[in-house]
Amino acid sequence: MKYSKWIGVGAVVLVYVAAFMPWIEVPSQHIVVTGMHTEGTNFGKPAMMNLIISTFSLIFFLWPAIFAKRVNLFFTAFNVAWTLRNSIILSTCRAGECPEKKLGLYLMGFAAALMLFASFFPNVKLAEPETVVPED
């Protein structure tokens, strides 16, 4: 794919934007949880790992080597797995109270999936193999 590198870079930017958007809201306690600000809960900073992994993915999207594209597959898949983990942990009902999912949680999932999709189709020019002509 011709623009996979730039689609991946754009998805990394979306991950950074989604990390600071509201992810869930607990209406009874009037708490809005983002990926980096979870005051009033014990979630920590769930988007911190996404930001670290996305930074590595950004480097590997821009690095024009075949090994970088292969390593990037691992990082983008790990980012999708971590996003799924965050989605499950944050949106689970606790003590009969279900949080309301917000746009940031969905945007993080979309951006992580887009990064994985872009890493499947790297635009790398491979060297042509030399043809050996047998001598008579």
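**Entry 1: exposure and the loop residue His30**

I count a residue as exposed when its relative accessible area is over 50%, and as buried when that area is under 20%. I note at the outset that the model I am reading is predicted. I looked up His30 first, and I found it in the loop between S1 and strand S2, which covers 31-34. Its relative accessibility is 72%, so I record His30 as exposed. I also looked up the backbone of His30: its phi lies near 55°, a positive value in a residue other than glycine.

**Entry 2: Ala95**

I then turned to Ala95, where phi is positive at about 55° although the residue is not a glycine. I located Ala95 in the loop between H3 and S3. With a relative accessible area of 89%, Ala95 is exposed.

**Entry 3: Ile31**

I moved on to Ile31, which I found in strand S2. Is Ile31 buried or exposed? I noted a relative accessible area of 10%, and Ile31 is therefore buried. I listed its contacts, leaving aside neighbours within four places in sequence: Ile24, Glu25, Val26, Glu39, Gly40 and Thr41. I also checked the separation of Ile31 from Leu51, and I read 23 Å from C-alpha to C-alpha, for two residues that stand 20 apart in sequence.

**Entry 4: salt bridges**

I recalled that side chains of opposite charge can pair when their charged atoms come close. How many salt bridges does the structure hold? I found 2.

One of these salt bridges joins Lys102 to Glu25, with the closest N and O atoms 3.0 Å apart. I noted that this pair links distant parts of the chain, 77 residues apart: Glu25 lies in strand S1 (residues 22-26), and Lys102 lies in the loop between strand S3 (100-101) and H4. I looked up the accessibility of both partners. Lys102 is partly exposed at 24% relative accessibility, and Glu25 is partly exposed at 23%.

Lys102 also meets Glu100 in a salt bridge, at 3.4 Å from N to O. Glu100 has a relative accessible area of 40% and is partly exposed. Which residues do the shared partners join into one network? I entered Glu25, Glu100 and Lys102.

**Entry 5: helices H2 and H3**

I describe two packed helices by the angle between their axes and the distance between the axes. For helix H2 (residues 48-62) and H3, I read an angle of about 155° and axes 9 Å apart. An angle over 145 degrees counts as roughly antiparallel, and H2 and H3 are therefore roughly antiparallel to each other. I recorded the crossing of H2 past H3 as left-handed.

I then listed the residues that meet. From H2 I noted Met49, Asn50, Ile53, Ser54, Phe56, Ser57, Phe60, Phe61 and Leu62. From H3 I noted Ala68, Lys69, Val71, Asn72, Phe75, Thr76, Phe78, Asn79, Trp82, Thr83 and Asn86. By class, I found 11 nonpolar, 8 polar and 1 charged residue in this contact.

**Entry 6: Ser54**

I singled out Ser54, which is in helix H2. Its relative accessible area is 0%, and I therefore entered Ser54 as buried. Which residues does Ser54 touch, not counting those up to four places away in sequence? I found Val12, Val15, Tyr16, Asn79 and Met115. Asn79 belongs to H3 and is among the residues in the contact of H2 with H3.

**Entry 7: helices H3 and H4**

I finished with helix H3 (residues 66-91) and helix H4 (residues 103-120), whose axes come within 9 Å and cross at roughly 160°. I therefore recorded H3 and H4 as roughly antiparallel to each other. The crossing of H3 and H4 is left-handed.

On the H3 side, I listed Asn72, Leu73, Thr76, Ala77, Asn79, Val80, Thr83, Ser87 and Ser91 in the contact. On the H4 side, I listed Leu105, Met108, Gly109, Ala112, Ala113, Met115, Leu116, Ser119 and Phe120. The contact of H3 with H4 has 10 nonpolar and 8 polar residues, and I found no charged residues in it. I noted that Asn72, Thr76, Asn79 and Thr83 of H3 appear in the contact with H4 and also in the contact with H2.

Terms used:
Residues numbered from 1 in each chain as written. Predicted model: local features only at pLDDT ≥ 70, side-chain atom pairs only at ≥ 80, totals over all residues. Heavy atoms only, no water. Axes fitted to C-alpha atoms, helices over the stretch in contact; angles between N-to-C directions. Helix = DSSP H or I, 4+ residues; strand = E, 2+ residues; numbered from the N terminus. Parallel < 35°, antiparallel > 145°, perpendicular 65-115°, else oblique. Left-handed = near helix turned anticlockwise from the far one by under 90°. Contact = heavy atoms within 4.5 Å. Nonpolar A, V, L, I, M, F, W, Y, C, P; charged D, E, K, R; others polar. Salt bridge = Lys/Arg side-chain N within 4 Å of Asp/Glu carboxyl O. Buried < 20%, exposed > 50% of the residue type's maximum accessible area, 1.4 Å probe, protein only.
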